[in-house]
Structures are given as structure tokens and as C-alpha cells.
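Visitor: Could you take me on a close look at one part of this molecule? I would like to understand one strand and what lies around it.

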Amino acid sequence: MKDNERKKLIEAAVEARENSYSPYSGFSVGAALLSASGKVYTGANIESASYTPTVCAERVAFFTAVHSGERDFSAIAIVGGSSEKGISSFTPPCGVCRQVMAEFAKADLEIILYDGKEMKVFTLSELLPMGFGKSNLE
Ligand code: THU
């Protein structure tokens, strides 16, 4: 994937972050997921007063895409930061989101992080080495 395509995905994640509902943590996250068919699906974190129902931006993006019929993905951009101060450091995906990524994407899924200045690119296999997946159930 080229850097200018990555930048477009980052821009979509920055825009999606504006719709974060995160009054309890004050931490807003946005994600933009690129499907193998070339469509972009976005998500933002959505919190709950009882805390545990909170869903991360990445899973909102994945579940929206899967519900739209998508099953294969090539990249996801993630941005996060204080709802007041903005994006100032990298926000790596939590362990639960990494597991959801592994359900629907291959080991070479690009995970693009952005701190407001620079991007960092990882593959899913780098962030979830030796993960449990469907092949373990065969
Ligand atoms: N959060 C995400 O949306 N994605 C991540 O990768 C890390 C954490 C959300 C969950 C919660 O609403 C807030 O950030 C603080 O943990």
C-alpha cells in the first residue's frame, strides 16, 4: 500500500473520531477500515455509563463492514487522544480488537497508527503473534 493511500485512510479515521461518544474516559478514538473491495468503513468508540458495554472504534468499523457483507480487509488506520487536547500519541489497538481483526483479516493486514505528525505501520501478525484462530479449531 502506498503512503498517500495510507494518508487518506488516516484522514478518514481523524474525521470518524469526531463522532466518538466517550464522556467517561474523555478519550476519543477513530478508525477507518479498508476492505479488499476498496471501500472504507469507519468507526468511533462508543461508551456506556456501566462501562463494560463500551465498544472500541476498531470493532465498530469491523462490525459495520461485516454487517455490510464484507469479509476481507487490507488495512485499518487508528487515531486516538484526549477528547479535549486531540491526537498527540499513537493509539495501538487493544487485545480484544486484535482478536476481532484476526477473525476477518489475514496476517498481512496493515495496521496504521498516527500520532498527529508521523505514521507507524505494523502487520496484524506483528501485533498478534501466535494468536488463536479458526485454524486451531480444525
Ligand atoms: N479505545 C478504542 O476505541 N480503541 C483502542 O484501540 C483503545 C481504546 C477506547 C475504549 C474507551 O472508550 C477509550 O478508548 C478509553 O479506553
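Guide: Happily; what follows is a walk along strand S1 and out to the elements around it.

Please keep in mind that this is a predicted model. Strand S1 spans residues 27-35, and a good place to begin is its pairing. On one side of the story is S2 (40-44): S1 and S2 run antiparallel and are joined by five bridges. Within that pair, Leu 33 stands opposite Tyr 41 of S2. The other partner to visit is S3 (73-82), which pairs with S1 in the antiparallel sense over nine bridges. Here Val 29 has Gly 80 of S3 as its bridge partner.

Let us stop at Ser 35, which belongs to strand S1. Ser 35 counts as buried because its relative accessible area is 1%, and the cut-off for buried is under 20%. The side chain of Ser 35 makes a polar contact of 2.9 Å with the side chain of Ser 37. Looking beyond neighbours within four places in sequence, Ser 35 touches Tyr 41, Glu 70, Asp 72, Phe 73 and Ser 74. Tyr 41 is already familiar as the residue of S2 opposite Leu 33.

From here the chain turns through the hairpin of S1 and S2, where four residues lie between the strands. Gly 38 in this hairpin has a positive phi near 100 degrees. Lys 39 also sits in the loop between S1 and S2. With neighbours within four places in sequence set aside, the contacts of Lys 39 are Leu 33, Leu 34 and Glu 70. Glu 70 thus turns up again, as a contact of Lys 39 and of Ser 35. For a sense of distance, Lys 39 and Thr 123 lie 84 residues apart in sequence, and their C-alpha atoms are 20 Å apart in space.

Now let us follow the pairing outward. S3 is mostly covered, with eight of its 10 residues buried. Besides its pairing with S1, S3 pairs with S4 in the parallel sense over five bridges. In that pair, Ala 77 has Ile 112 of S4 as its bridge partner.

Next come the helices that S1 helps to cover. Helix H1 takes in residues 3-17, 15 in number, and reaches 21 Å from its first C-alpha to its last, close to the 21 Å expected at 1.5 Å a residue. Its buried residues are Arg 6, Leu 9, Ile 10, Ala 12, Ala 13, Ala 16 and Arg 17. These residues cover an arc of only 160 degrees around the axis, so they lie on the same side of H1. The face turned away from this buried side carries the exposed residues Lys 8, Glu 11 and Glu 15. Strands S1, S2, S3, S4 and S5 are among the elements covering the buried residues of H1.

Helix H2 (57-67) is mostly covered as well, with eight of its 11 residues buried. Those are Ala 57, Glu 58, Arg 59, Val 60, Ala 61, Phe 62, Ala 65 and Val 66. S1 is again part of the cover, and S2, S3, helix H3 (95-104) and S4 are included too. Just after H2, Gly 69 has a positive phi of about 105 degrees. In the loop between S2 and H2 you will find Tyr 51, whose phi is positive, near 65 degrees, in a residue other than glycine. Tyr 51 is exposed, at a relative accessible area of 56%.

The ligand makes a fitting last stop. Phe 27 and Val 29 are among the residues around the ligand, which also include Ser 25, Asn 45, Glu 47, Thr 54 and Cys 56. Ala 57 and Glu 58 belong to this group too, along with Pro 92, Pro 93 and Cys 94. Val 29 therefore has two roles in this tour, since residues around the ligand are those with a heavy atom within 4 Å of it: it is one of that group, and it is the bridge partner of Gly 80 in S3. As for polar atoms, one in the side chain of Asn 45 lies 2.9 Å from an oxygen atom of the ligand. A polar backbone atom of Ala 57 is 2.9 Å from a ligand oxygen atom, and an N or O atom in the side chain of Glu 58 is 2.5 Å from an oxygen atom of the ligand. Ala 57 and Glu 58 are also on the list of buried residues of H2, which brings us back to a helix covered in part by S1.

How values were computed: Residues are numbered from 1 along each chain as its sequence is written. This is a predicted model: local features need pLDDT of at least 70, side-chain atom pairs count only at pLDDT 80 or more; totals for chains, interfaces and linings use all residues. Side-chain values use heavy atoms; hydrogens and water are left out. The expected span of a helix is 1.5 Å times one less than its number of residues. Buried means under 20% relative accessible area, exposed over 50%, partly exposed in between (1.4 Å probe, protein chains only). The arc is that of the directions from the helix axis to the C-beta atoms. Contact means heavy atoms within 4.5 Å. Two strands pair if DSSP finds at least two bridges between them. A polar contact is a pair of N or O atoms within 3.5 Å; within protein, one must be able to donate a hydrogen and the other to accept it, and residues adjacent in sequence count only if both atoms are side-chain atoms.
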